[in-house]
Amino acid sequence: MTDRFLGFVVKECRHILREKRTLAMLFAIPLALVMLFGYVISMDIDHTPVAVLDSSQGDPLARKLVQKLEAADQFRIVDQVRCEADIDAAFRDGTVKMVVVIPAGFGSDARRVEGTAVQLVTDASDLNIATTLIGYATAIVRDLNAELNTEQGLLSADTAPLRVDVRMMYNPELKSAYMFVPGVIAMIVMIVAAMMTSVTLAREKETGTLRLLTVSPLKGRTVVLGKVLPYFVLTAVNTAVIMLLGTLVFGMPCHGSLWGVMLLCALFILAAIGLGILISSLVKTQQTALTASLVGLLMPTMLLSGFIFPLANMPEAMQWVCRIVPATWFIEGIKGLMLKGQPVGDLWLPLTILGAMAGVLIGLALWMFARRDRPAR
Amino acid sequence: MIEAENISKKRGNAAALKDVSLQVPEGTIHGLIGADGAGKTTLFDILVTLLRPDTGTASVGGHDIREQWREVRKTVGYMPAAFSLYGDLSVRENLEFFARIYRQPAGRIASLAGDIWAQIEPFSDRPAAQLSGGMKQKLALCCALIHDPEVLMLDEPTTGVDPVSRSEFWAALRKLAGKGKTVLVSTSYMDEAARCDRITLLHRGTVLDSLVPNEAEAHYRGTLYEIGSADIGLNTRMLHILRSWSLSCGCYSFGDRIHLGTALPAMRAETVAGYLRGQGIDTSQVSVRPASPTVEDLFIQLTSASPEAEETENSWTNEAS
């Protein structure tokens, strides 16, 4: 068994290494995603269009605030927003990235004990820009606070008459770039582990090599395991690369157990390979294997896993459908372990479900190929 | 040694094989001759134990295909109809792979396949997909030979192969048979029938005839005439005229000649020429002479008779049911 198994694995590795273009793409896709997000993150904030919605009717303090904003290199005051209702449209057009809302009675309230608040409304769909803008604007308001306190003979640190009230629009959960990393991994795993396994097995069927293998002393289960091992290693390496890039470039944290993360990834990859083998046993050609993997695996992984659309926003029935998609449990587990820092014990549900899926799917694949050994009816 | 008795197999509702029997002794080459869809591949599938027959029994190398399929697989070297190796792997890598799964040293091939291996060895590092049709088939034969099987089953090994390579391929098969191997080979080329020790004519899943190739004349019913002239236009006209002749039992072009079968054993060539003259043909430039029937003539005679046979058979089954 071992000698034949190794022979088969060597052959598989030769197939993988020979397809240079596919191999290059497997590592180029995550890299491209990183560059894309990396570019967004490092983008400089320079003369970003900012609107002021001043309800204080020419209050001197309000004018002072606007002057200070104007003086900062980061901002460029534009005259797009004249009333509350304009904000939404301005954000949608992208003509404005932040709106500074100055309430009525701004100057007089600021001199009272309870003080007043400047509202900073941002378009948080671009979270990196939004947080940077808020940072700069808050610094300016703090400056103004200090000046007001000196004016009234108070120590600058005593009380802050002007508070900052931040409102993030379009992204209330404050999803940041690295929240996409688990989703990207889920997709890459589906492409490499499920799609490629199903296509290579379908190719053996299509070209007739599987007939030769069936007639040979090679057992069906050796064929399955000989496919699982190389694709498992390939996918694991790919996953590690994305994780590493996520940590180094996005600053994605790993608060939880690294072993837990590895276990979760391993189970998810095995489940994906099992799905791939299952697809290949149902189709006859590489083309159908490819289409079936795209529609049957990649689409649900993108749309029904919480990667793009949050599960909580879906109808009840749809949420149940999402629960049979392995990627749903993988993303939940990764977020829990890496981002929320939950202990492995708390994530027994995603781990158990992925483990069960991997076990059942690989077991089914082994059974189906063992059955192929016997003469067909 | 291959023995098959009354093998039948249904594919869907249609019968792919009906009561097919054949015997191939050791050291002989047995040809399975038939057009596409005759059931050749189904028969191969059954004999290499990829498929179970519905009824009938068969043994390969003395092993029963139903009960001892594992032993059968060890005994058989199989070449499927389509090129079934790994196109992206080189010649050597393909051979090494099959050597490894059969637990054989790859170097053994030189002694097993001899000439055939010598012909492809110069291309060892070339990807199999980039070989010519003939080279691909030679490589496939080498891979099928790596475990020194007693029985070789080759499904249309020479289809799409150039004449020179075909000839080399057949020479190699003859050598293998000389070493005592049992060879079953299918082909749709009639001219290859003569290379076999014995042939089975297969048509729509049934055996039409089984014979030694040079016995075709004895199996042919009636007389065969070869008619021809240097004028192609005249040949075409004669073909049309002879086809509508009441004494004709099959008339077809055969190379640049016309072959005419007649049911009457004692008919003379002059009768044919006389009929042609009666139809307004100038026979001075036309040669009409009796010809000895080839396997192809026999095959055409048998297949043109079979639709009627099929009809009677259908009416029988209707009565029975």
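**Entry 1: two helices of chain A.** I began with helices α7(A) and α13(A), and their crossing is right-handed (the near helix is turned clockwise from the far one by less than a right angle; anticlockwise would be left-handed). The model is a predicted one, in which local features need pLDDT of at least 70, side-chain atom pairs count only at pLDDT 80 or more, and totals for chains, interfaces and linings use all residues. Residues are numbered from 1 along each chain as its sequence is written, while chains are lettered from A and ligands numbered from 1 in the order in which they are written.

I noted that α7(A) covers residues 181-207 and α13(A) residues 326-339. Helices and strands here are DSSP runs, H or I over at least four residues for a helix and E over at least two for a strand, numbered from the N terminus. The two helices pack at an angle of about 145 degrees, with their axes 9 Å apart (axes are lines fitted to C-alpha atoms over the stretch in contact, and angles run from 0 to 180 degrees between N-to-C directions). From α7(A), I listed P182(A), G183(A) and A186(A) as meeting A327(A), F330(A), I331(A), I334(A) and K335(A) of α13(A) (contact puts C-beta atoms, placed from the backbone, within 7 Å).

**Entry 2: chain A as a whole.** I found 14 helices and five strands in chain A. Its C-alpha trace spans about 95 × 40 × 40 Å along the principal axes. The radius of gyration is 28 Å, where a compact globule of 377 residues would have one near 21 Å (taken over C-alpha atoms; the globule rule is 2.2 Å times the number of residues to the power 0.38). Of the contacts between residues at least 6 apart in sequence, 78% join residues at least 24 apart. Buried residues make up 40% of the chain (buried needs 20 or more other C-beta atoms within 10 Å, exposed 12 or fewer, partly exposed in between).

**Entry 3: strand β4 of chain A.** I looked up residues 116-123: six of the eight are buried, so β4(A) is largely enclosed by the rest of the structure. Strand β3(A), residues 98-102, pairs with β4(A) in the antiparallel sense over four bridges (pairing needs at least two DSSP bridges). M98(A) has T122(A) as its bridge partner in β4(A). To β5(A), residues 162-169, β4(A) is joined by eight bridges, and these two run parallel. There L120(A) is matched with V166(A).

**Entry 4: strand β8 of chain B.** All six residues, 182-187, are buried, so I put β8(B) down as largely enclosed by the rest of the structure. T182(B), L184(B) and S186(B) lie on one side and V183(B), V185(B) and T187(B) on the other, and both faces are covered. β3(B), residues 29-33, pairs with β8(B) in the parallel sense over five bridges, with I29(B) opposite V183(B). β7(B), residues 151-154, is also parallel to β8(B), over four bridges, and L154(B) has V185(B) as its partner. From β7(B) the chain passes through helix α7(B), residues 163-178, to β8(B) in a right-handed β-α-β crossover (clockwise from the first strand over the helix to the second, strands pointing away from the viewer).

**Entry 5: two arginines with positive phi.** Most residues other than glycine have a negative phi. I noted R103(B) with phi near 55 degrees and R204(B) with about 50 degrees. R103(B) is in the loop between α3 and α4 of chain B, and R204(B) is in the loop between β9 and β10 of chain B. R103(B) is exposed, with 12 other C-beta atoms within 10 Å; R204(B) is buried, with 20.

Notes
Contact = placed C-beta atoms within 7 Å.
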